[in-house]
Amino acid sequence: MQNSKKKLYIETLGCAMNVRDSEHIIAELTKKENFKITDKANEADLILINTCSVREKPVHKLFSEIGAFNKIKKEGAKIGICGCTASHLGEEILKKAPSVSFVLGARNVSKITKAIKEERFVDIDINYDESEYAFGEFRSSPYKAYVNISIGCDKRCTYCIVPHTRGEEISIPPNIIINEVKRAVQSGAKEIFLLGQNVNNYGARFSDKSIKNIDFSDLLEMVSEVEGVKRIRFTSPHPLHMDDKFLKVFATNPKICKSMHMPLQSGSSKILKEMKRGYTKEWFLDRALKLREMVKDVHISTDVIVAFPGESDRDFEDTLDVVKKVRFEQMFSFKYSPRPLTKAAKFSNQIASDIASKRLKTLQDLHREIIDDISLQQEGKTFSVLFEELKDRGWLSGRSDNNFMIQAKGSEEYLGKIVDVVITNPKRMVLYGEIIE
Ligand code: SAH
Ligand code: SF4
Ligand code: F3S
């Protein structure tokens, strides 16, 4: 007689790496432990929250969320906390929220099958090496495959908690990556999305010491040679490691999507030094403008932090200056949030919150003008789009090679296909167009 399946509800916060960790958790639990996924928390036998701790707000919200799940959960259902907040709070979560059964750090995902069987379980070891662990296959998108290429981060930017939640950087051996890419393509993926906190530092350290002399540019070429791979994306690259070799491979390899994330953080060389980013305003501008010169229609996105400790009006002006010069197609901007375990949290020159709010608004207003202008300029242009979703009233939605969100009228038969679309009605968030047959 076949056992009836247990139900798993999983909520994923944070970045693409957490999305991939959740896919790995789902693979472990569905393949090895007879679980199936549900989107109804009140019907689940296991509720998991895969947390992010990069800023303070979501961490605060975690405990009220646990409380809310506690009220609606089925009798006997377990709650588990995974991810980056699990890594840095550990045992404290069990003390504050006794309804939680286990806490599993961002670097301990492979232990999920053990964690669910224990009465109380905490494992948040950030030195644990999962870089060669053979996770099963589970992908949330049929057309796009996330593939980890490294775990952890060595950079230790002074504001950032990630090195404390994900540990030291280890690159995954190239043969494991290539095999995973092949499997993903065989099961229908068109786009390969390579993931790491610092992808273009790939090859700096492998757990298998015999692997040498391979960098991110080499890996990109290897992935592009896998038959069936149509598109390659990656995140996050670090501006410091954007050397000429990397820019050349990016510009010339036709399978690499012409969309680059260049996390600026600040435009002030003084603040960049305090942040320990390793580059200056001039280096960043040189790389971004070179990229614009080398790649027609390149899409450059960025992350900016305002009001880092000690940021003066002049420093902030430098950030605005870079934004004006590079004219990023997409910008994610945040008020600096002091994080435990980080150096900057102890700096004495923290900035008042009203100044931070004002700067964030100034920056976002400036960027809104820029993207409105960029959007208008796309009218009449043709982009190749991979359609991933069919929305209400027959609108297909997908991304262009250079990462614009594009919608066009069409039917299910276009899902998973890469087709040309001419833009007829550009808006700020979505460019609307028509499919060219
Ligand atoms: N590895 C990536 C960033 C990962 S964190 C990189 O180096 O770009 C994602 C973004 O969160 C960062 O780029 C940064 O802009 C933001 N961030 C990180 N720590 C923060 C903090 N303490 N306060 C505000 N924003 C922060
Ligand atoms: Fe954090 Fe810096 Fe590492 Fe990015 S590179 S994860 S910002 S420490
Ligand atoms: Fe958040 Fe951890 Fe990613 S802190 S941004 S989930 S690496």
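Biologist: How many residues surround ligand 1?
Modeller: This is a predicted model: local features need pLDDT of at least 70, side-chain atom pairs count only at pLDDT 80 or more, totals for chains, interfaces and linings use all residues, and side-chain values use heavy atoms, leaving out hydrogens and water. Residues are numbered from 1 along each chain as its sequence is written, with chains lettered from A and ligands numbered from 1 in the order in which they are written. A residue is near if one of its heavy atoms lies within 4 Å of the molecule. Tyr159, Gln197, Gln265, Asp303 and Ser337 are the closest, and the full count is 15.

Biologist: How much of ligand 1's exposed area does the protein bury?
Modeller: Start with the polar contacts (pairs of N or O atoms within 3.5 Å). An oxygen atom of the ligand sits 2.7 Å from a side-chain N or O atom of glutamine 265, and a nitrogen atom is 2.8 Å from a polar backbone atom of serine 337. Alone, ligand 1 exposes 540 Å² (Shrake-Rupley, 1.4 Å probe). Of that, the protein buries 90%.

Biologist: Which domains does ligand 1 lie between?
Modeller: Domain bounds come from an automatic or database assignment. Two of them give residues to the shell, so the ligand lies between domain 2 (141-257) and domain 3 (258-377).

Biologist: Is valine 306 buried or exposed?
Modeller: Valine 306 is in strand E13 (residues 299-306), a DSSP run of at least two residues. Contacts (heavy atoms within 4.5 Å) beyond four places in sequence include Phe316, Phe334 and Leu360. Its relative accessible area is 0%; with buried meaning under 20%, exposed over 50% and partly exposed in between (1.4 Å probe, protein chains only), valine 306 is buried.

Notes. Helices (H or I, at least four residues) and strands (E, at least two) are DSSP runs, numbered from the N terminus. A polar contact is a pair of N or O atoms within 3.5 Å; within protein, one must be able to donate a hydrogen and the other to accept it, and residues adjacent in sequence count only if both atoms are side-chain atoms.
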